[in-house]
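Work through the exercises below with the sequence and the structure at hand. Each task is followed by a solution in steps.

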Amino acid sequence: MTFQTCHDQTPADVRQAKNTPNGQKVQIFLEELANAYGTGWTTTLIDTSTNEQKKDWFLSFNPNGRIPVIIDNTQSHPHPVMETSAELLYLLEKFDSSKKFGFTDTLEQSELIQWLFFWHGSGAPYQGNLSFFRRAQEQSSFAISRFRKETFRVFGVLELQLSGKYTGQPKNFRAGKGAGKYTIADIGTWAWVQNWQGSGYTKEEMNEFPYLLRWIGRIADRPAVQSIRI
């Protein structure tokens, strides 16, 4: 599947930047908010290869020295938010007044948070480590095998939810009643999972997850997703 990399109006520095799955998920949600409400924002790019994110100016926003960080300048004292799941939840609460990407129902919102945290704690660390060890100068077959198996297992968990195997209700999206609703739980996972080829999986392997593959394609077709660099 081919993705549009940028808008024609995208500034050159953004067009040429390399983004990460964590950066992409926040950017996707900002694009969704812009399409839904006209929300505006600015972007500051940093070169992580030079450890710019470890300098004091950045650590004052995120002491963990990781990207991305969002800063809400609508507050009288600008408010920084670190950790991508916390950033998605903050943007949802502050800027999605109609909860187009979340729920007003407490139980549905609980389901959203569960799946958002599931990927944050049980998905991204495995897939991230798989990518790290696959490209490491010193190769560890044990580490690659472990994280490859665990990432694949987590893909299977997503497939179980989407297929409705235990609920009897297949879902288009991971949280919400019936077939579900597109939310930040999906946004928070998609940028990672869509790169299954980059993580070394074959089409034959991924054919074990037909619902997951359709979910990937369904989100990829959204204008907000098409507008970012993948």
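**Exercise 1.** Locate F209 and decide whether F209 is buried or exposed.

Solution. Step 1: in this predicted model, F209 sits in the loop that joins helix 9 (203-206) to helix 10. Step 2: the relative accessibility of F209 is 6%. Residues under 20% count as buried, so F209 is buried. Step 3: leaving aside neighbours within four places in sequence, F209 is in contact with F152, F155, G156 and E159. Step 4: F209 and T151 are 58 residues apart in sequence, and their C-alpha atoms lie 13 Å apart in space.

**Exercise 2.** Describe how helix 7 and helix 10 pack, and name the residues that meet.

Solution. Step 1: the axes of helix 7 and helix 10 are 8 Å apart, at an angle of about 85°. Step 2: angles of 65 to 115 degrees count as roughly perpendicular, and helix 7 and helix 10 are therefore roughly perpendicular to each other. Step 3: helix 7 contributes F155, L158, E159, L162 and S163, which meet P210, Y211, L212 and W215 of helix 10. Step 4: W215 also has contacts outside helix 7; not counting residues up to four places away in sequence, W215 touches L162, N172, F173, R174, D186, T189, W190 and V193.

**Exercise 3.** Check the length of helix 7 against its expected span, and state what follows helix 7.

Solution. Step 1: helix 7 has 23 residues, which at 1.5 Å a residue should span 33 Å. Step 2: the end C-alpha atoms of helix 7 are 32 Å apart, which agrees. Step 3: G164 follows helix 7, and its phi is positive, near 70°.

**Exercise 4.** Do the length check for helix 2, then list its buried residues and what covers them.

Solution. Step 1: helix 2 has 17 residues. From first C-alpha to last, helix 2 reaches 24 Å, close to the 24 Å expected at 1.5 Å a residue. Step 2: the buried residues of helix 2 include G23, Q24, K25, V26, I28, F29, L30, E31, E32 and L33. Step 3: the cover over these buried residues includes strand 1 (70-72), helix 4, helix 5, helix 8 and helix 11 (223-226). Step 4: after helix 2 comes G38, with a positive phi near 80°.

**Exercise 5.** Classify two helix pairs by angle: helix 2 with helix 4, and helix 5 with helix 8.

Solution. Step 1: the axes of helix 2 and helix 4 cross at roughly 10° and come within 10 Å. That makes helix 2 roughly parallel to helix 4. Step 2: N22, K25, V26, F29, L30, L33 and Y37 of helix 2 make the contact with T84, E87, L88, L91, L92 and F95 of helix 4. Step 3: helix 5 and helix 8 pack at about 20°, with axes 8 Å apart. Helix 5 is thus roughly parallel to helix 8. Step 4: the crossing of helix 5 past helix 8 is left-handed. Step 5: in this pair, L112, W115, L116 and W119 of helix 5 meet I184, A185, G188, T189, W192 and V193 of helix 8.

**Exercise 6.** Name the residues with the most contacts in the largest nonpolar core, and the helices that supply this core.

Solution. Step 1: the largest nonpolar core has 48 residues, and F29, F155, I184, W190, L212 and W215 touch the most other members. Step 2: helix 2 (21-37), helix 4 (84-95), helix 5 (106-122), helix 6 (124-135), helix 7 (141-163), helix 8 (184-193) and helix 10 (210-220) each supply at least two residues of this core. Step 3: in soluble globular proteins, nonpolar side chains tend to be buried together.

**Exercise 7.** Compile the backbone details of N51, K99 and P68.

Solution. Step 1: N51, in the loop between helix 2 and helix 3, has a positive phi near 65°. At 42% relative accessibility, N51 counts as partly exposed. Step 2: K99, in the loop between helix 4 and helix 5, has a positive phi near 55°. K99 is buried, at a relative accessible area of 16%. Step 3: P68 lies in the loop between helix 3 (56-59) and strand 1. The peptide bond from I67 to P68 is cis, with omega near -5°.

How values were computed:
Residues are numbered from 1 along each chain as its sequence is written. Side-chain values use heavy atoms; hydrogens and water are left out. A nonpolar core is a set of buried Ala, Val, Leu, Ile, Met, Phe, Trp, Tyr and Cys residues joined through side-chain atoms within 4.5 Å. Buried means under 20% relative accessible area, exposed over 50%, partly exposed in between (1.4 Å probe, protein chains only). Helices (H or I, at least four residues) and strands (E, at least two) are DSSP runs, numbered from the N terminus. Contact means heavy atoms within 4.5 Å. The expected span of a helix is 1.5 Å times one less than its number of residues. Axes are lines fitted to C-alpha atoms, for helices over the stretch in contact, and angles run from 0 to 180 degrees between N-to-C directions. Angles under 35 degrees count as roughly parallel, over 145 as roughly antiparallel, 65 to 115 as roughly perpendicular and the rest as oblique. A crossing is left-handed if the near helix is turned anticlockwise from the far one by less than a right angle, and right-handed if clockwise.
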